[in-house]
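This report is addressed to a reader who has the sequence and the coordinates at hand. It treats sheets, an internal cavity and selected side chains in turn.

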Amino acid sequence: MLRPTTMPSFTDRLTRAASRVVQVAATPLAPADYLELFDRLHPALGLRARVVSVDPETRDAATVVLRPGRGWRPHVPGQYVRLGVDVEGVRHWRTYSLTSPPDRDDGCISVTVETVPDGVVSNHLVRRTRPGTVVQLELATGEFVLPSVTPPRTLFVTAGSGITPVMGILRSRLDDLDDVVVVHATSTPERAIFGGELRAMAAAGRLRLVEHVTRREGRLDPAGLTRLVPDLHERETWACGPGALLDVLEEHWDAAGIPERLHLERFRPGTVVTGEGGTVHFRRSGQDVEADGATPLLEAGEAAGVLMPSGCRMGICFGCVVPLREGAVRDLRTGELTVTTAGDEPPMVQTCVNAAAATCSFDL
């Protein structure tokens with residue numbers, strides 16, 4: 001039996017004709033070079049996302065809603081993404097926690113950004129980015145997630161923008177948790193990101209919220225946390241915030257003999273040992289920078305206007321690895337020295353987690 005023949009529609013014929021025109025016009029360049037004129041999210045151009053909205057959260061923070069292009073795979077709540085943002089002709093890569101559930105009806109994702117003093121990307125995203133802007137995007141990653149079998153009692157300890165990965169978890173998995181306490185430290189109630197939403201969750205009886213106002217009560221520490229949450233050691237705990245807070249929490253859980261019950265998400269590596277610092281010479285740009293022993297080489301170079309490759313700034317993505325041509329650097333996490341030796345291949349170092357331990361130079 002003959003199968004019925006389906007005639008191509010006028011739209012199909014027009015699309016094919018346009019495709020042939022593009023193929024001819026593109027010669028000798030590949031057609032993919034021209035795709036951006038028609039579809040800036042086309043997968044041939046790499047994974048990208050279009051800004052849908054920038055929604056203020058506080059005076060200094062905003063949620064950036066993004067529509068990812070084809071190739072995006074749903075994230076696990078608590079994970080983060082790298083965004084490539086063009087600022088004044090220079091592409092900068094930064095890492096932000098996802099604050100949206102992975103199954104939004106509109107297919108969008110969101111990150112929530114808090115500005116930092118002199119922060120090139122954070123200020124650009126919060127103050128100047130407009131809907132329609134296209135940014136580079138990488139697939140989500142990270143281990144700051146809940147297990148498939150949730151614990152009977154859960155504690156989240158956050159400070160400042162450390163609430164962002166936790167909010168991604170709460171928006172997605174709160175109904176799976178039975179006994180939840182959130183301790184959030186903020187300088188003032190008005191500066192608490194998602195403060196209203198967290199208070200609404202608490203008022204509905206979905207969690208117990210403790211807001212620790214540092215300007216009134218001082219820094220949050222393990223002793224204060226124990227007073228706020230008497231069954232602290234019986235709870236599986238996820239903590240995210242400034243390095244100093246996470247360091248003391250880690251020491252406390254270690255001393256209690258239960259380090260496996262504490263899960264940390266660090267936005268920046270904690271400083272364990274600092275070196276003596278020194279002059280950092282960037283050969284290609286001709287810049288010399290005096291850096292102390294506590295400042296990551298990545299930050300020292302960026303402050304001097306050097307174009308530095310970078311990624312997560314936590315020492316796990318290796319997007320900032322460069323050869324150390326001369327000198328010595330010290331790993332801020334472990335205190336380990338890396339020193340060049342005459343006649344040997346230059347060692348590869350991560351600029352986001354190493355600081356100058358002497359005069360050193362790089363081909364940047």
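The following paragraphs describe a predicted model.

**The sheet of six strands**

One open sheet is built from 6 strands in the order 4-3-6-1-2-5, and its pairing is antiparallel. At its edges stand strand 4 (90-97) and strand 5 (109-114), each of which pairs on one side only. From one strand to the next, the twist averages 40°. Strand 3 (residues 80-87) is joined to strand 4 by 8 bridges in the antiparallel sense. Within this pairing, aspartate 86 has arginine 91 of strand 4 as its bridge partner.

**The sheet of three strands**

A further open sheet has 3 strands in the order 16-15-18, again with antiparallel pairing. Strand 16 (337-339) and strand 18 (354-356) each have a single partner strand, so one side of each is left without a neighbour in the sheet. Neighbouring strands here are turned by 30° against each other on average, when direction is ignored. Strand 15 (residues 328-331) runs antiparallel to strand 16, and 3 bridges join the two. Valine 329 has threonine 338, in strand 16, as its bridge partner. In general terms, the strands of a sheet pair through backbone hydrogen bonds, in either a parallel or an antiparallel manner.

**The cavity**

How many cavities of 30 Å³ or more does a search of the whole structure find? The search finds 1 such cavity. The largest cavity holds about 30 Å³ of space. Its lining consists of Tyr80, Thr95, Tyr96, Ser97, Glu265, Phe267 and Met314. Strand 4, an edge strand of the sheet described above, gives the most to this lining, with 3 residues. By residue class, the lining divides into 4 nonpolar, 2 polar and 1 charged.

**Selected side chains**

Two buried residues make polar contacts from their side chains to backbone atoms. Glutamine 79 is placed in the loop between strand 2 (61-68) and strand 3. Its relative accessibility is 12%, and glutamine 79 therefore counts as buried, the limit being under 20%. Polar atoms of the glutamine 79 side chain lie 3.0 Å from the backbone nitrogen of valine 76 and 3.1 Å from the backbone oxygen of glycine 142.

Asparagine 354 belongs to strand 18. With a relative accessible area of 5%, asparagine 354 is buried. A polar atom of its side chain lies 3.1 Å from the backbone nitrogen of aspartate 331. Aspartate 331 falls within strand 15, which spans residues 328-331.

The separations from side-chain polar atoms to backbone atoms are collected here.

| Side chain | Backbone atom | Separation |
|---|---|---|
| Glutamine 79 | Nitrogen of valine 76 | 3.0 Å |
| Glutamine 79 | Oxygen of glycine 142 | 3.1 Å |
| Asparagine 354 | Nitrogen of aspartate 331 | 3.1 Å |

Is glutamate 190 buried or exposed? Glutamate 190 has a relative accessible area of 62% and is therefore exposed, as the limit for that class is over 50%. Glutamate 190 is found in the loop between strand 8 (179-186) and helix 4 (195-203). The C-alpha atoms of glutamate 190 and glutamate 57 are separated by 9.9 Å, although the two residues are 133 residues apart along the chain.

Technical notes
Residues numbered from 1 in each chain as written. Predicted model: local features only at pLDDT ≥ 70, side-chain atom pairs only at ≥ 80, totals over all residues. Heavy atoms only, no water. Pairing = 2+ DSSP bridges. Helix = DSSP H or I, 4+ residues; strand = E, 2+ residues; numbered from the N terminus. Axes fitted to C-alpha atoms, helices over the stretch in contact; angles between N-to-C directions. 1 Å grid on protein atoms, 1.4 Å probe; cavity = no way out; pocket = protein on both sides within 12 Å on 5 of 7 lines; lining within 4 Å. Points joined across faces, edges and corners; volume = space filled by probe spheres on them. Nonpolar A, V, L, I, M, F, W, Y, C, P; charged D, E, K, R; others polar. Buried < 20%, exposed > 50% of the residue type's maximum accessible area, 1.4 Å probe, protein only. Polar contact = N/O pair within 3.5 Å; in protein donor to acceptor, adjacent residues only side chain to side chain.
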